[in-house]
Structures are given as C-alpha cells and as structure tokens.
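Welcome to a short set of exercises on reading a protein model. Have the viewer open, try each task yourself, and then follow the solution step by step.

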Amino acid sequence: MSDSWNKNAIPRSRAIVFGSLVTMLFLGYLGHLFSLQVVDGYLYTVRSENIKRRSAVIPAARGEIFDRNYDVPLATNANSFAVEINPALIARGEHDEIFTRTADLLGIQPTDIQRRIPASSYHVYQQIEIRSAVPFETIVQLAENIHDYPGVSWATKPVRTYPDAEASAHLLGYVGDITPEELQVLYNRGYNARSVLGKSGIEQQYDLLLQGEEGRSIRTVDARGRRVGEEDVEIIAPEPGHNLVLTVDRRIQQLAQAALGDRIGSVVVLRPNSGEILAMVSYPTFDPNQLYGNVAGRTFSQLRNDARAPFLNRAIQSSYPPASTIKILLTTAALEEELISVGDTIFAGPHYRLGNRIVNEWRPSGFGRINILQALANSSNVFFATIGHDYLGTERLLSYASEFGFGIQSGVDLPGERPGLVPTPEWKRRVFNSPWVGGDTVNVAIGQGFLSVTPLQLANMVAILVNDGVLYRPHVLKEVRDGHTGEVIARVEPEIIQTLSLKPQTLQNVRRAMHGVTRGGTAEPVITTPVVEIAGKTGTAEISSETDDWHSWFVAYGPYEATDADEQVVVAVLVDAANEWEWWAPKAANLIFHGIFADMSFEETVADLRRRRRLWYM
Amino acid sequence: MRSRSIFGFDVYILTATLMLLTVGILFVYSSGLETTGDTLSHEYVRQTIWAVTGLVILVSISLIQYASLKPWIPYAYLLGLVLILMTLLFGRVVNGTRAWLGVGILGIQPSEFMKIATILAFAVYLERAGNSIRQIPYLAAGSLLFLFPMALILMQPDFGTASVFFPIYLGMCYMAGARVRHLMFIGLTALLVLVFTMLPAWEHYIHGSRIPAFEIFSNVRVKLLVLAGLVTVALVALVGFIMLKRRSFYWIMYSISILFLSLAASVGTRAVIRDYQIMRLIVFLNPYVDPRGAGWNVIQSVTAVGSGGIAGKGFLQGTQSHYHFLPEQSTDFIFSILAEEWGFAGTLLVFGLFLVILLRGLYIAGNAKDSFAGYMASGIVTMIFTHFIVNVGMAIGLMPVAGVPLFLVSYGGSSMWTALAGIGILMSIYQHRYRY
C-alpha cells in the first residue's frame, strides 16, 4: 500500500494530518453529543415534555345579575367570536398581504391590525386578538377560505351583555380589562393580567362574588399551539361566579327611567322599612354593552368628553342644595323640640330680614299669619327662615341635619357614594376663612347655600319619618345565589344604621303636613294619581341669582297612611337645572307612584291617567 | 484493464453512501409525518428519485476516465458562474434567498454544483502551479477561482453556501503542499474578521454594558488611529527584519498584518452583513438572547437532540419534530430528527459512515495516480467534511445557523447530485489509480 502512494500527488504527511484533524473533530463532536444525549439526556427529555405541554386558561363564567323577581337576568354572558392572528405562522414578507385581506374580511383598516402586531413581533408565536364580537357569518366565511388566511384563527369568548342596556347602566356598571394599576392593587386577591373586572356599579362592588375561578386545560401541543396526540387532556374545571339577586324591581326601574325621560337628573325609589332600593335611575346614561369590545375605546372617550357626565350616578355621586325639601326637617325639629305646636301661627310677610340678608317670600304678598301645616303646604320661606334662625338656632338645626344622615355616606352598597355637605361654623372658617353669620343659618333653613345632599340622602330623610325614626341601610343586593344550582348562599338582612327617638305625635304631624303639600298645598295640581295617597315636599333650588336655572326636587312617600308598612315606598326625584324648567320632579313622581300602585308600565300609566283625565301636563 | 476497473468500485465508500442515502430517505419520510400519522409531504418520494438518479450519475462518472474531463472543466466553471449570475437576475426566492433556477416544482441550485466545478478548476490550477503554490502570488491568484463564485453567492444572499468554499480552498491548498504559515494567515484573518464584525453586537446583546475599548469598531476616527498605529509597527518590524534578519520581526509583522487586515475588512463586512445574519451569530453564542426568534431553531434543535438519549424515542416517534418545533427539518435540521429518534446510537452510526467516506476519500487522494486526481479528491473530501461539520455543528449548537445541508441525508436534489457526483469522481480516481 505504501508503495502505491504516489510521490507526484499528495504529500503523505499532510494526508495523515488532514485525516487526524477529521478524526479529532469527529471525536470532539461525538463527545459533545455524548454529553447532550447520554449524560444530560434526561434534562432535555424533561424540557421537551414541558415544551409540548401547554395549559390554556378556561375563563370562568361571570355571575349573572338578576332583579328581585329572579327571572330574566339584567346582566348575563353571551358567546362571541374573536379573530386572532399568530404572526409567526405567516410566511416572511406576506404579513402585509394577509393583514390587508383579513382587514377586508372584518371590515376594518389594515392599520388597525398593524397597530396590534408591529413588524417587530412578526416572529412571535402567539395568538394576538385583533377583533372581538365578530359576527358568526364572518367566521363562517373565514372558515371556508381558511387556506387564504394563514395564521388567522378564531376563538369563542364570553362577553358581558346587559339586555336592558341603558336602563340600569349606573346601577349595574360595566366591565373591562384589568389595567396595570388595578392589577398592582388586586394581584393578591386572585386577579391576573387576563382578568376582566367590574369598573363601576354592582359589577365593581361585588366583583369578587361575580368573578368565579378560572379553570385550566393542560394539553399536548405542537409548535403552533395546536392540540396533538390522543392522550387524555387534563382539565381543571372553572368555578362560575355567584349570581346576584338585587332588590331592584325591573318594572319600577323602567318606569322611573321612562318617567324621568331624557332630562338630566335622577330618581331613587326605596322601601323605608328595609332600605331596599327598588329603583335607581340617573340620566344621562350610557350603554354598558358598548364599553367592552371593539368600540370600547371610542365609546369611552366619547362618554368621557360628554360635558353632561353620563358616567355620573346622580342618585349617589352628586349632591345638590335640597331647597324647600329641607323644610320637612325643620318642621320635624320644631315640633319635636316643642318650639311651636301645630296650632301656633307665625306672621309670614313678604320678606324675612336679617341684617342685610333678605329672604323673599315666593308669593309677593306674603301669607300672613299661618300655622306650621299651612307653612309646609305652601312652602313659606319666611316662616321657615324664622323657625330656622329664630326658633331652632344654628346648632340645633345642623345637628338635626346630621342626624337625618346628611353630610355622611349612607353606606349604600355601590361604589363612589358622595357624602354631600352639612356646613358648620368650623367648616366655613376653614374653607372661606370667614365667620359663620346668621345669614348662613337662614340659608340652611331654606335649603340654599352650602348645604348639599344626594337624592338618596333625601329619600332616607323621608324614610326615617315614615319608619318611626328608624333608618335602614339602603342597599341594592338582596341575595347571593350559587352559579350552578341557583341555591341561596347568602341573604342580605336589613340593617339599622340610625334610630331617632321622635315622639309619635311629631311623626304623625310631620306626615300630616307632608300630606297637606299634595292635598291643598303646592304640589296638588300635579299629584293627580287616584290610586295612592301621597305625602311629600317639592323643592326648587336656585343655583345662581343671575340665571333662571332651577333644580326641581320632589321627595315623597305613599301610601300616606298604610296599614301594612311593607306597602310603603319613598320616591325622590331630582331634575337638574340644566334642563328646561318644567317643574318636572313632582310630575315624574306622580307617574311613578301611579305606575307602582296600579302595577302598570310607564305607557300604561300615561294611558290610564289620560283616560281618567288626570294628566293635564303631558 | 477495463474489466478490472468495473469491479473496482470502492466497496467501503459505496456501502457507506448507500446506507446514508437509506437513512436520509427514512428521515425525510419521518420529517414529513404529521402526529396523526398522515404524511404531510411527499418529499421522501422525490428524495428517493434523486437518490436513484444520483446513483446513476455516480456510476457513470466513476466509469469515465477523469482525465478526459479536463478539457471541459473551464467551460463547466464558466457555465456555473453564468448560471449563478442568472439566479441573481431571474432566480426564484426560497427562504429569502434568490438561489434557484427553474420552473414549477423543478428547480436547481447552481451554487451547489458550482462547488464541484470550482474544485475541478482549482485542481487544474494546482496541477499547473505545482510547487509554486508555496509562493504567495500563486496562492493568491488561485483564490480568485473561489472568490468569484463566493461573491456571486453572497449576493443571492446565501451566506452558508458561500462560506463552504473557503475551507475547500484551504484544504486543497494544504493538500497541494502550500505553506502552513500562509494558510494560517488566511484562516486567522478570516476568523478575526468574523470576530471583529460580531463584537459590537456581542457587546450589545450578550455583554450588556458598554466596553470603552470597543470604540475601535464603532468609532471611525478611533479605528483609523488604531490602523495607522498598526501600520507604523509593521513598518518598523519590516525595517528590522530587512536590516537585522531576525525571525522574530517576521512574526511580529505576520500578526500585525493579520490584525490590520481583519480590522480593515471588518469595516466592509459590517456594512454588508445583515441584521438577521448578525443575530444568527449572536444566538449561536447565546440562543436565549432571542428564544422565540432567531434562537428558536437552536434551542429546539438542541432539545430534540438531547431528548433522544441513548437509544432514541424510536423511528417516527420524535415529538420535537412531529409537533413542528423544528423548522426546516427535512433539510437543515435532519440530523436533529435522527438524533431524537435514534438517539446516540443513531448518531454513532451516521458519524461512522461519514468517517468511512472521509478517511477512505483521503486514502484515495493519497493513492491517486496523478496530482490532479489527488487535488480533486482532496477538494471533494474537504467539501463533504465541511458540510458535515457545519450542518451537524448547527444541529447541536456548536456552529451558527447557516443553511448548509447534510450531504446524502438532507432533502434536496441539487445537493444530493452534487454529493453523489463528487463521490463518483472519487470512485473514478480509485478505479483508475493503476492506469498509467
């Protein structure tokens, strides 16, 4: 062999060196492979198992929300389709084309997709949602031509829906994706980056009850995340959220909503002997269905920029001067403190003068000598300015205001409740750096100036009088029920939050005075319902002496004298000064009372009152 | 004479080749298999056709007197260049590279065949040059034969294929007796160009913080200063060498020149090289810099190889591959499937078969009856060796990802025919070794 090695050709030594190099490199590689496959093989086996196992989250169904009748849900979940794109499954250079095609199919702009999938993430193996709430027909179209849409897929996704849309928007609230700030706060309570949570109303208040627990499915997948293999898929079933039953009566809610109509304002209807809120309406409102999904961003900014503040629940989140409705409180205080008896009269002339503060009587000629029942029925400013300043005095007046629940939150189970304000001398010194003067007391006595209350607080004031001095915490939640079985898990018991020891005689006289308002008093022309006796008080708050804008209040209860306390309801209506003045609050209350006690819808109420020729104002 | 040569096939190489072809078809089949058991592609059918036709080519070439090829070699070389030029003009783009000529499903990659043409042409050159290859001008002039196709292939751009030419040049020159210090100079310069090109990216992705010394690569002024300094030192050394005739000055000049050249060249390469190529080099050093992107292939491939263990998961039982975690699994990453399904045992088999071909190829080179045949054989052995080292190295994370197929095993007609034609030439040299 050695003699066949040709001198002319390859130097033998070099062939040997080359051969040794080849062999050494082979051995080196084999050494590395030995360590990879034999020594560390188990590590890679585990890793390859883990790569293939992917757990997918099964979202828990959010609990449904029902009204007190527990029949048709006010908030439920619907399945919708979301279209997703996995950019790594699209061949290089074809992204633009696929995006354009998909955008055409979905009726959106290609830039909408490019914004969600920038070129820098084209290699990312992940489904990125590009549109939710896609109609079924579009999905069918996509499925039939799926070969033209590499990387595009769809998934079903539960979406919160509110069948009554705008009617209960403030009460129920709406849901949205968790924000990074919210996640920081809520992380330890079981929320994660995928959580969808309540952003206002009941949805926010009872979010943890509604959430439920996510399930998981663990499966073997290929690189594209597609399920492969016959092995059993391990499933940890999700636990649905609890269902909530509210105290709200959907029919009364709709009635109140319709009665208020498209006037900026609010209505509260509650049961005085338990604190159950039967209806809570605020206008302007919004459609919570529009706040989740594709249009959310646009709708949201639109609502945000609306100067009328549609997100504001005016029943609890904004306060107004109570105006003449405060005279109920003064009547109660004056009678309870025995400063005046029902038969005593005070001269109510055209003006009440205190230093340079002049209160004009709304009837230019004044009322002459009148008793307290007449004064409340006719809403005499001069009479109650005298009672407030001369009889009660600052301290007693303010203490009654506080005892009736003004200036503090009622503790209703809804987020964002405002306390309103009972001004005090210390408060005035702190804020305005000026001393309390008699004029301030006069202002409180006629419900003007700094005193401000929410519609719910005003309803509570009447509830105390109806309920013999006992105030229950107003609440919206009635029962919590199991999401699977519907079994009642918890029931909200009425909770007393304030007990005023008022003499029965006082209570009886105040109610009589309030009844006088609707029978011979200021509200008589508009309280026309024959089905229930109403006792209440109107209020007209001047918001500025320059303009002619007035808030219109009406707060009342009915029936006036009930044998069964369960029957009685309190209604508080506020119509904001921003509306054209039409003295709508008592008119709306009239419709609401008639609808509740005749068990009629708004349309039926209107028709019924018209038939009885008692609806002159509509 | 002729009858003896017909039965004079080299049985070792032939057996190893047939076995590798079989393994290749098996794993191309495996790579096309869905987890459901459905075949996803019919690549294995085509692979079989190419293997069979390739074997016909092998046998035909082995029967030819290789000397009779000589007059055709310049034309083959020129034709190859023209074809590659045509790919640049009318070529089809596959995987971002304009390297294909053809219509419909039939396509060829001229750059694959160009390797053989270049080897043949350079063998002619080396034979003419004889001992002169020990002189720098001859060495340099010969490199032009490689630089033309490399430049054209880089324009496709196909970094992997182009890079294979370089070791072939070095290997053939070495076997032809060129001076080791010259070859080392070239090799070290090339290595340093690569390192210098990468260092700024390394600083950014892996080291994480700025290193002041790296101003050399990013700041042109600093770079010029350093280059000027190097030139000065080199000139001083040159003067010293001529005046004092001391060897040490020669080596100073030698290393300074390497530094100078690679620094200067890295300016050019950094302008030409693309971001994704830099990333491939970076993820070679640390695939977890971009685990979902550029590093994905390396991580998945090494996981597949490692999870194969000693005996493997069994033929068609690989999960990394059948769940499509491995991209390009019938071409670039065929070794990963093999290593996953047949384990270390399969690895040993494939290494053994290639070692047989390479060592036997070297034996044929050494026993060739003339230097032209010896150089050809050396070039073919180097080519097969380079492909093996780069492809397997890539699959096990020892080499950066470059689209270089594993000869005889990877799916692809052009590379299959190139390999079998090369082996056919080896056979021809073996068969005609005694003919004077």
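**Exercise 1. Partners in a sheet**

Which residue in β12(A) is the bridge partner of S266(A)? Place that pair in its sheet.

*Solution.* A word before we start: this is a predicted model.

Step 1. Find S266(A) and look across to β12(A), where its bridge partner is S282(A).

Step 2. Now take in the two strands as wholes. β11(A) and β12(A) are antiparallel and pair over six bridges.

Step 3. Widen the view to the sheet. It is open, with five strands of chain A in the order β12-β11-β23-β22-β21, and the pairing is antiparallel. β12 and β21 of chain A are its edge strands, each pairing on one side only. From one strand to the next, the twist averages 5°.

**Exercise 2. A strand with two neighbours**

How many bridges join β22(A) to β23(A), and how many join β21(A) to β22(A)? Then follow S552(A) to its partners.

*Solution.* Step 1. On one side, seven bridges link β22(A) to β23(A) (residues 569-575), and the two run antiparallel.

Step 2. On the other side, β21(A) (residues 535-542) is joined to β22(A) by eight bridges, again antiparallel.

Step 3. S552(A) lets you see both pairings. S552(A) is the bridge partner of T540(A), and in β23(A) the partner of S552(A) is V575(A).

Step 4. Check how covered the strand is. β22(A) spans residues 550-558, and eight of its nine residues are buried.

**Exercise 3. A helix lying on strands**

Which strands does α10(A) lie across, and what covers its buried residues?

*Solution.* Step 1. Locate α10(A) at residues 250-260; eight of its eleven residues are buried. Among them are I252(A), L255(A), A256(A) and L260(A), but also R250(A) and Q253(A).

Step 2. Look beneath the helix. α10(A) lies across β11 and β12 of chain A, at about 30° to β12(A).

Step 3. List the cover. It includes β3, β11, β12, α19 and α20 of chain A.

Step 4. See what comes after the helix. G261(A) follows α10(A) and has a positive phi, near 65°.

**Exercise 4. Into the core**

Which residues have the most contacts inside the largest nonpolar core?

*Solution.* Step 1. Recall a general trend: in soluble globular proteins, nonpolar side chains tend to be buried together.

Step 2. The largest nonpolar core here has 118 residues, and V269(A) and I592(A) have the most contacts inside it. Helix α14 of chain A (residues 381-403) gives the largest share, ten residues.

Step 3. Trace the neighbours of V269(A). Leaving aside residues up to four places away in sequence, V269(A) touches I252(A), A256(A), L278(A), A279(A), V569(A), V571(A) and I592(A). Two of these names should be familiar: I252(A) and A256(A) are among the buried residues of α10(A).

Step 4. Look for another core. A second, separate one has 117 residues, including I84(B), A129(B), Y174(B) and I396(B).

**Exercise 5. Two crossings of one helix**

At what angle does α16(B) cross α17(B), and at what angle does it pack against α5(B)? Is each crossing left-handed or right-handed?

*Solution.* Step 1. Two packed helices are described by the angle between their axes and the distance between the axes.

Step 2. Start with α16(B) (residues 371-395) and α17(B) (residues 413-431). Their axes come within 10 Å and cross at roughly 145°. This crossing is left-handed. The contact includes A377(B) and I384(B) of α16(B), and G422(B) and L426(B) of α17(B). By class, there are ten nonpolar residues, one polar and no charged ones.

Step 3. Turn to α5(B) (residues 110-129) and α16(B), whose axes are 8 Å apart and pack at about 145°. Here the crossing is right-handed. Among the residues in contact are K115(B), F122(B) and E127(B) of α5(B), with F372(B) and Y375(B) of α16(B). The classes are eleven nonpolar, two polar and two charged.

**Exercise 6. The chains as wholes**

How many helices and strands does each chain have?

*Solution.* Step 1. Chain A has 20 helices and 23 strands, and 43% of its 618 residues count as buried.

Step 2. Chain B has 17 helices and three strands, and 47% of its 436 residues count as buried.

Technical notes: Residues are numbered from 1 along each chain as its sequence is written. Chains are lettered from A and ligands numbered from 1 in the order in which they are written. This is a predicted model: local features need pLDDT of at least 70, side-chain atom pairs count only at pLDDT 80 or more; totals for chains, interfaces and linings use all residues. Axes are lines fitted to C-alpha atoms, for helices over the stretch in contact, and angles run from 0 to 180 degrees between N-to-C directions. Helices (H or I, at least four residues) and strands (E, at least two) are DSSP runs, numbered from the N terminus. A crossing is left-handed if the near helix is turned anticlockwise from the far one by less than a right angle, and right-handed if clockwise. Two residues are in contact if their C-beta atoms, placed from the backbone, lie within 7 Å. Ala, Val, Leu, Ile, Met, Phe, Trp, Tyr, Cys and Pro count as nonpolar, Asp, Glu, Lys and Arg as charged, and the others, Gly among them, as polar. A residue is buried if 20 or more other C-beta atoms lie within 10 Å of its own, exposed if 12 or fewer, and partly exposed in between; C-beta atoms are placed from the backbone. Two strands pair if DSSP finds at least two bridges between them. A nonpolar core is a set of buried Ala, Val, Leu, Ile, Met, Phe, Trp, Tyr and Cys residues joined through C-beta atoms within 7 Å.
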